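User: Got a minute to walk through this one with me? I'd like to poke at a few spots.

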Amino acid sequence: MLILALESSAKAASVALCRDGVLIAQSQQCSGLTHSCTLLPMAEQMLKNTDTKLADVDAIAVARGPGSFTGVRIGVSTAKGLAWGAQKPAIGVSTLEAMVRGAAYADGIWCACMDARKQQIYNAVFAMEQGVLRRVTEDRALAISELAQELAGEKVPIWLVGDGAKLTAETLAGSGLPLRLLPEQLRQQHASGVALCAMARIEAGDPGDAAALSPNYLRKIGRAHV
């Protein structure tokens with residue numbers, strides 16, 4: 001299964017090509033240009049560099065949110081356009097789950113944290129036991145203090161990923177929670193994690209209907225979050 005994955009839910013944009021869960025190529029850009037200027041050209045160049053035609057790809061995957069409202073819209077629109085043009089399935093996955101799947105390597109609690117401003121984060125919690133990842137909560141927007149209450153009493157390592165991970169760690173410093181902040185280069189969103197999520201969805205029977213693919217903002221669109 002060859003998957004072309006797109007990630008544009010945060011400041012950086014990335015694309016990846018994965019076959020059966022193995023990363024073939026990945027490109028990332030954080031130049032300050034809008035994702036509408038960078039995402040599709042990166043995908044086209046990556047396919048060219050790997051001598052891969054869009055017709056060879058089995059599915060298009062994209063992070064459908066939560067995240068930057070504009071970034072999520074661009075990613076979803078690009079995935080739908082590619083899928084319709086090439087008549088391929090399009091799989092939309094959770095940005096939060098994708099960042100965890102792309103980073104999780106040890107047992108413990110894996111906590112995806114994206115900065116939603118005003119001491120809130122977009123969050124989802126997962127547990128990894130003997131190498132198997134299990135979702136504990138749905139994607140949600142909540143105050144960091146609420147997350148601390150949920151995690152109170154945990155003894156296993158709590159791994160923090162996402163662009164809100166550092167904010168969460170700093171806010172909860174002194175809480176006594178066994179927090180582990182991944183290095184910057186490991187805790188950000190990457191398209192390879194999107195591909196891994198899509199692979200799991202396909203194996204679970206998701207047909208990847210491009211027409212049904214839509215963004216998941218979690219919160220109503222407002223000027224401050226665009």
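User: What covers the buried residues of α1?
Analyst: The cover includes three strands, β1 (2–7), β2 (13–19) and β3 (22–29), along with helix α2 (69–86). Keep in mind that this is a predicted model.

User: And which residues of α1 are buried?
Analyst: His35, Thr38, Leu39, Met42, Ala43, Met46 and Leu47. Looking down the axis of α1, those buried residues fall within an arc of 150°, so they line one face of the helix. On the face turned away from that buried side you find Ser36 and Lys48, which are exposed.

User: How many residues does α1 have, and what does it span?
Analyst: It covers residues 35–49, so to speak 15 residues, and reaches 20 Å from first C-alpha to last, close to the 21 Å expected at 1.5 Å a residue. Just after α1, Asp51 takes a positive phi of about 55°.

User: Back to Thr38 for a sec. What is it in contact with, leaving aside neighbours within four places in sequence?
Analyst: Ala13, Gln29, Ser31 and Leu33. Thr38 has a relative accessible area of 6%, and because the cut-off for buried is under 20%, it counts as buried.

User: Switching to β10. Which way do its side chains point?
Analyst: Ile158 and Leu160 point one way from β10 (residues 158–161), Trp159 and Val161 the other way, and all are buried. In a regular strand the side chains alternate between the two faces of the sheet.

User: Which strands does β10 pair with, parallel or antiparallel?
Analyst: β10 pairs with β6 (residues 108–117) in the parallel sense over four bridges, with Val161 as the bridge partner of Ala112. Three bridges also join β10 to β11 (residues 179–181), again running parallel. There, Trp159 stands opposite Arg180 in β11. The chain gets from β10 to β11 through helix α5 (residues 165–171), and that β-α-β crossover is right-handed.

User: Any odd backbone? Where is the cis peptide bond?
Analyst: Between Gly65 and Pro66, with omega about 5°. Pro66 sits in the loop between β4 (59–63) and α2. Most residues other than glycine have a negative phi, and most peptide bonds are trans.

User: Then what about Gln87 and Gln130, buried or exposed?
Analyst: Gln87 is exposed, at 74% relative accessible area, and Gln130 is exposed too, at 76%. Phi is positive for Gln87, near 55°, and for Gln130, near 50°. Gln87 is in the loop between α2 and β5 (90–93), while Gln130 lies in the loop between β7 (120–129) and β8 (132–135).

Notes: Residues are numbered from 1 along each chain as its sequence is written. This is a predicted model: local features need pLDDT of at least 70, side-chain atom pairs count only at pLDDT 80 or more; totals for chains, interfaces and linings use all residues. Side-chain values use heavy atoms; hydrogens and water are left out. Helices (H or I, at least four residues) and strands (E, at least two) are DSSP runs, numbered from the N terminus. The expected span of a helix is 1.5 Å times one less than its number of residues. Buried means under 20% relative accessible area, exposed over 50%, partly exposed in between (1.4 Å probe, protein chains only). The arc is that of the directions from the helix axis to the C-beta atoms. Contact means heavy atoms within 4.5 Å. Two strands pair if DSSP finds at least two bridges between them. A crossover is right-handed if, with the strands pointing away from the viewer, the path from the first strand over the helix to the second runs clockwise.
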